[in-house]
Amino acid sequence: VRGLDGVAQVRDMRDQIAPILWMMKAMQSVALGTAAFLVFAALLLVANTIRLAAFARRKEIGIMRWIGASTLYIALPFLLEALVTAVIGVLLAGLTLGGFVYFGIERLSANQLKFIPWIGWPEFWMAFGAVAVLGPLLTLLPTLVLTRKYLKV
């Protein structure tokens, strides 16, 4: 590059940038570890909720077993409860993220921080789509597994 027209000087800044890049990778690793821990905690919370719900409804479950209800029929109220909870959680997460994009990013960047390329509505819709898929999935799959465990038929 030094020999090209219009290039006066080439400086190698890798030594100065290396600590910043290392710190960014470390922060990314910590964020991913925290996210994995929170997913694990959410799964434990779902497991505990299903166990407590099954315990609270043990008389009704026993009656359904005595009259010959199928496993799916017994587990369906738990699945519907988990689905409603997941949909409410997805809507609350979407409203929170949308509010942050509108009030925190659009208004702030439009008035004061015009030089910083912020995220916008396309990124919001991509994140909301991921939450809309993963939220019910991470709620219904453990519910299916744990209802089979705690509702032995």
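Helices here are DSSP runs of at least four residues, counted from the N terminus, and Ala-82 sits in one of them, helix α3 (residues 71–111). Keep in mind for every view that this is a predicted model.

**View 1. Ala-82 on helix α3 and its partners further along the chain.** Ala-82 has a relative accessibility of 8%, so this alanine counts as buried, the limit being under 20%. Setting aside residues up to four places away in sequence, Ala-82 touches Thr-139, Leu-140 and Thr-143. Gly-135 is also worth finding in this view: 53 residues separate Gly-135 from Ala-82 in sequence, yet their C-alpha atoms are 10 Å apart in space.

**View 2. Thr-143, a buried threonine in helix α4.** Thr-143 belongs to helix α4, which covers residues 121–150. With a relative accessible area of 0%, Thr-143 is buried. So what does Thr-143 touch, not counting residues up to four places away in sequence? The list is Val-46, Ile-50, Phe-78, Leu-79 and Ala-82. Two of these names come up in other views: Ile-50 is part of helix α1, while Ala-82 is part of helix α3.

**View 3. Thr-147 and the backbone oxygens its side chain reaches.** Stay in helix α4 and you get to Thr-147. This threonine is buried as well, at 4% relative accessible area. Where do the polar atoms of its side chain go? A polar atom of the Thr-147 side chain lies 2.8 Å from the backbone oxygen of Thr-143. The Thr-147 side chain also reaches the backbone oxygen of Leu-144, at 3.1 Å. Beyond the neighbours within four places in sequence, Thr-147 is in contact with Ile-50, Ala-75 and Phe-78.

**View 4. Ile-50, the helix α1 side of the story.** Ile-50 is located in helix α1 and is buried, with 7% relative accessible area. Looking past its neighbours within four places in sequence, you'll find Ile-50 in contact with Thr-143, Leu-146, Thr-147 and Tyr-150. Both threonines from the views above are there: Thr-143 and Thr-147. For a sense of spacing, try Ala-82: the C-alpha atoms of Ile-50 and Ala-82 are 9.0 Å apart, with the two residues 32 places from each other along the chain.

**View 5. Where helix α1 meets helix α2.** Two packed helices are described by the angle between their axes and the distance between the axes. Here α1 (residues 14–56) and α2 (residues 58–66) pack at about 70 degrees, and their axes are 5 Å apart. Angles of 65 to 115 degrees count as roughly perpendicular, and that is therefore how α1 and α2 are placed relative to each other. On the α1 side the contact is made by Ala-54, Phe-55 and Ala-56, which meet Arg-58, Glu-60 and Ile-61 of α2. Sorted by type, the residues of this contact are four nonpolar, two charged and no polar. As for confidence, α2 has the lowest mean in the chain, 87, and α1 the highest, 91.

**View 6. Leu-4, out in the segment before α1.** Is Leu-4 buried or exposed? Leu-4 lies in the segment ahead of α1, and its relative accessibility of 55% makes it count as exposed, for which the cut-off is over 50%. Pro-136 is 132 residues away along the chain, and the C-alpha atoms of Leu-4 and Pro-136 are separated by 57 Å. For the chain taken together, the mean pLDDT is 86, with 92% of residues at 70 or more.

Key: Residues numbered from 1 in each chain as written. Predicted model: local features only at pLDDT ≥ 70, side-chain atom pairs only at ≥ 80, totals over all residues. Heavy atoms only, no water. Helix = DSSP H or I, 4+ residues; strand = E, 2+ residues; numbered from the N terminus. Buried < 20%, exposed > 50% of the residue type's maximum accessible area, 1.4 Å probe, protein only. Polar contact = N/O pair within 3.5 Å; in protein donor to acceptor, adjacent residues only side chain to side chain. Contact = heavy atoms within 4.5 Å. Axes fitted to C-alpha atoms, helices over the stretch in contact; angles between N-to-C directions. Parallel < 35°, antiparallel > 145°, perpendicular 65-115°, else oblique. Nonpolar A, V, L, I, M, F, W, Y, C, P; charged D, E, K, R; others polar. pLDDT = per-residue confidence, 0-100.
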